[in-house]
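Grab a viewer and work through a few exercises on backbone and sheet geometry. Try each task yourself before you read its solution.

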Amino acid sequence: MFAFVADPLILVGRFGLVEDANSAAFDRLPDLAIGLPLPVEGAHRERMSRYLSLCSRTENPIPGAVFVRAGAGSSCRHPCRGARIVLRAYGDEPLVLLHLTPTNLEGRLHLLTERLNDVRRVMQERKRREIEMQALLTERSRLLVHLEEDAQARQRAEAERDAVLSRLYRAGQDERRRLARDLHDHAGQQLVTLTFGLRKIASRLSCPTAIHEVEQLLRHTQDIGQSLRRVTLELRPAALDEFGFVTALRSLVDEWSRVTEIVTEFQIVGEEEDFPLETAITLYRLAQEALTNVAKHAGPGVCVSVVLRFSALQVTLTIDDNGSGFAADEAIATSLVSQGKLGLLGMRERMALVDGTLNIESAPGRGTSIVARAYRSVEESGHA
């Protein structure tokens, strides 16, 4: 019954007979035998009897010692603790359980063994944790590689997207230029021919009614010509190709102010410098969109300031108005899309295609300020 206990245990019955013991007890006391008295040296039997009698009357362990034969008439002292115990397997007869405590040497060996086992467990746990840490580091490295690959793939995709958008934008501008040229060269010339023909016919007529009808046709023809010129300017202003960006922008602002009857101020700051045609077209379209938004949303009594600033590193176009304005936090992309304000979003996309930026500052009742910056490259600024 004591096979799994590490310390020596002996179950002693009446008259000091050994009823049972574990293997550790047999290792400690080689002369120990079941059914025989404890192998106590003769001189110590009476003391052992009194000790057993005392232990049989209490369940609290009582410290004591067992003196057993060690050969050649000598004895060996074994510290122990004894207590009364009743087990049904032994007929409910009171017995004494002796628990032999380790000697100093055994205690030190036992302590060293426990420490060695503790060290072994610690080393095993450390090794296990090192393995887990190495696995985590390996997984982390793998994730970092994947993240880097994903980031590079995203950058490549964004670069390809920007390149495609830039090509589409340039293709759109080329198509606008072609349409504007065709409208000017073909439809415009046909309208001129039609106007001269109607005037020639009018000069040969004598009937007042017919002359009036021909004059009405001439007015309609002139209206068609003006509409055609406006469409041509929106597609591709001829002044942009013939006279440059500044002149085209000034013409746009003057014409818009005349048509809308809105007081507008136009200023140029810095020395005028040439910059890429694509950037000039983008700034021109941005000015068109911004002025259109002012006419639609700014409200009555508004005034507008358009400032074009040249510097060595950038060209800045600023359009300010003192109109009704809107909440600045609504100028983010998601809000603009949800509110249908795609014009401002289109401005930002156009500026991004030419490596520029667009800032929109506004507040309810405080007007709106649109600042577009087109950055010049080192070669362009050095050339300038």
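Below are four exercises, each with a worked solution.

This is a predicted model, so a bit of bookkeeping applies: local features need pLDDT of at least 70, side-chain atom pairs count only at pLDDT 80 or more, and totals for chains, interfaces and linings use all residues. Residues are numbered from 1 along each chain as its sequence is written, and side-chain values use heavy atoms, with hydrogens and water left out.

**Exercise 1. Work out the strand order of the five-stranded open sheet and find its edges.**

Step 1: start with β6 (263-269) and β7 (303-310). Strands here are DSSP E runs of at least two residues, helices are H or I runs of at least four, and both are numbered from the N terminus. β6 and β7 pair in the parallel sense over seven bridges; pairing requires that DSSP finds at least two bridges between two strands. One register check is I268, whose bridge partner in β7 is L308.

Step 2: go on to β8 (residues 314-321). β7 and β8 run antiparallel, joined by seven bridges, and V304 has D321 in β8 as its bridge partner. The hairpin joining these two strands goes through three residues.

Step 3: add β10 (residues 368-375). β8 pairs with β10 in the antiparallel sense over eight bridges, with V315 opposite A374.

Step 4: finish with β9 (356-362). β9 and β10 are antiparallel too, over seven bridges; here S362 stands opposite T368 and T357 opposite R373.

Step 5: put it together. The order is β6-β7-β8-β10-β9, with mixed pairing. β6 and β9 each have a single partner strand, so they stand at the edges and one side of each is left without a neighbour in the sheet. On average, neighbouring strands are turned by 10° against each other, direction ignored.

**Exercise 2. Which strands does α6 touch, and how does α7 run relative to β8?**

Step 1: α6 (245-260) packs on the sheet and touches β6, β7 and β8 (contact means heavy atoms within 4.5 Å). Its direction makes about 165° with that of β6. Axes are lines fitted to C-alpha atoms, for helices over the stretch in contact, and angles run from 0 to 180 degrees between N-to-C directions.

Step 2: α7 (residues 277-297) lies across β7, β8, β9 and β10, at about 5° to β8.

Step 3: β6, α7 and β7 make a left-handed β-α-β unit. For reference, a crossover is right-handed if, with the strands pointing away from the viewer, the path from the first strand over the helix to the second runs clockwise.

**Exercise 3. How many residues of β7 and of β10 are buried?**

Step 1: use the cut-offs: buried is under 20% relative accessible area, exposed over 50%, partly exposed in between (1.4 Å probe, protein chains only).

Step 2: six of the eight residues of β7 are buried, so this strand is largely enclosed by the rest of the structure.

Step 3: β10 is mostly covered, with six of its eight residues buried.

**Exercise 4. Where do E261 and D355 sit, and are they buried or exposed?**

Step 1: most residues other than glycine have a negative phi. E261 has a positive phi of about 60°, and D355 also has one of about 60°.

Step 2: E261 lies in the loop between α6 and β6, while D355 is in the loop between α9 (342-353) and β9.

Step 3: E261 counts as exposed because its relative accessibility is 71%; D355 counts as exposed at 62%.
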